[in-house]
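Student: Please take a close look at a single part of this model, the surroundings of one residue. Give the cut-offs for each term as it arises.

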Amino acid sequence: MRPDGPRPTIIGPDSGPEAPFPLRMKGKVVSGFGRGSKELGIPTANIPVEGVSWIDEAESGVYFGWAGIQLPTSHPSLSPVPPSSSTAPPEDKVAEGWRIYPMVMSIGYNPFYKNKVRSAEVHVLHKFETDFYGSEMAISILGYIRPEYDYVSVEALIEDINTDIEVSKRSLEREAWQKGREDRYLWGEE
Ligand code: ADP
Ligand code: RBF
Ligand code: MG
């Protein structure tokens, strides 16, 4: 069960991410358990964990970092990227639909729901107009927020996830953490 008491509001030193981060994984967005949007109001893009070298040793819990997604060129959320933006993918990758967003994610068994299989699900900190199932997604994880807990109610779970969202935003706003957006892995390279 979740321990009582206040939570840290920011994670990691101002100087930037520390070992073992960044941890990277990529895959096509697949269907999950069907409760992210419906039950929690917090959609999570699920990506398969099979074949991710470090996943078995990784602690279960909540992580944050950057997500690159290749949206179909017809996707309504493909907002124009300022051409001079130093944090955008290279121009040819932008033309292919790649965009980079902050993200918060869970890796584990969702103790509140008692899942039997380990999952990796990413909540992208951006409002999308439609789904992007089947899209290629590349993740660079820069920090660990907390373990997964069981909760007394779905409302208590939602409250903690909303805190995770705020903590992730605040942590990633710092200059040394913004640098993580320049990782070529995030637009499908390597
Ligand atoms: P599922 O159980 O199939 O994962 P969800 O209710 O968790 O269903 O919804 C996830 C889907 O919603 C993602 O696969 C993606 O296509 C879409 N989606 C829309 N906005 C977001 C967002 N901000 N973060 C993650 N997924 C999003
Ligand atoms: N599920 C849990 O059972 N316990 C948790 O502590 C928990 N924390 C989460 C934190 C974040 C940031 C996200 C995106 C999800 C978390 N989940 C947790 C998973 C949640 O139960 C899951 O996304 C939905 O059930 C949809 O699959
Ligand atoms: Mg999901």
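Tutor: A residue is called buried if its relative accessible area is under 20%, exposed if over 50%, and partly exposed in between, using a 1.4 Å probe and the protein chains only. The model is predicted: local features need pLDDT of at least 70, side-chain atom pairs count only at pLDDT 80 or more, and totals for chains, interfaces and linings use all residues. Residues are numbered from 1 along each chain as its sequence is written, chains are lettered from A and ligands numbered from 1 in the order in which they are written, and side-chain values use heavy atoms, without hydrogens or water.

The residue chosen is arginine 146, in strand 6; strands (E, at least two residues) and helices (H or I, at least four) are DSSP runs numbered from the N terminus. Arginine 146 is buried because its relative accessible area is 7%. Beyond its neighbours within four places in sequence, arginine 146 is in contact (heavy atoms within 4.5 Å) with Arg7, Gly61, Val62, Tyr151, Asp160 and Asp164.

Arginine 146 is also one of the closest residues to ligand 2, with Arg35, Phe112, Glu121 and Tyr149. In total, 20 residues surround this ligand, each with a heavy atom within 4 Å of it. Three polar contacts, pairs of N or O atoms within 3.5 Å, can be described here. A polar side-chain atom of arginine 146 lies 2.9 Å from an oxygen atom of ligand 2. The side chain of glutamate 121 places an N or O atom 2.6 Å from a ligand 2 oxygen, and for phenylalanine 112 a backbone N or O atom is 2.9 Å from an oxygen of this ligand. Ligand 2 taken alone exposes 540 Å², of which the protein buries 99%; these areas come from the Shrake-Rupley method with a 1.4 Å probe.

Glu121 leads to another residue, since it is among the contacts of asparagine 110, which sits in the loop between strand 4 and strand 5. Asparagine 110 also touches Phe33, Arg35, Asn115, Ser119 and Glu148, residues up to four places away being left out. At 11% relative accessible area, asparagine 110 therefore counts as buried.

Asp160 and Asp164, two contacts of arginine 146, are among the buried residues of helix 3, as are Leu157, Ile161, Ile165, Val167, Ser168, Ser171 and Leu172. The cover over the buried residues of helix 3 includes strand 6 (136-146), helix 1 (36-40), strand 3 (61-70) and helix 4 (175-178). The 19 residues of helix 3 (154-172) should span 27 Å at 1.5 Å a residue, so the 27 Å between its end C-alpha atoms agrees; the expected span is 1.5 Å times one less than the number of residues.

Strand 6 belongs to a wider setting. The largest nonpolar core has 27 residues, with Met25, Trp54, Met105, Ile139 and Ile141 making the most contacts inside it. Such a core is a set of buried Ala, Val, Leu, Ile, Met, Phe, Trp, Tyr and Cys residues joined through side-chain atoms within 4.5 Å. Strand 6 is among the elements that give two or more residues to this core, together with strands 1 to 5, and strand 4 gives the most, with four residues. A second, separate core of 21 residues includes Leu40, Ile100 and, from helix 3, Ile165 and Leu172.

Methods:
A polar contact is a pair of N or O atoms within 3.5 Å; within protein, one must be able to donate a hydrogen and the other to accept it, and residues adjacent in sequence count only if both atoms are side-chain atoms.
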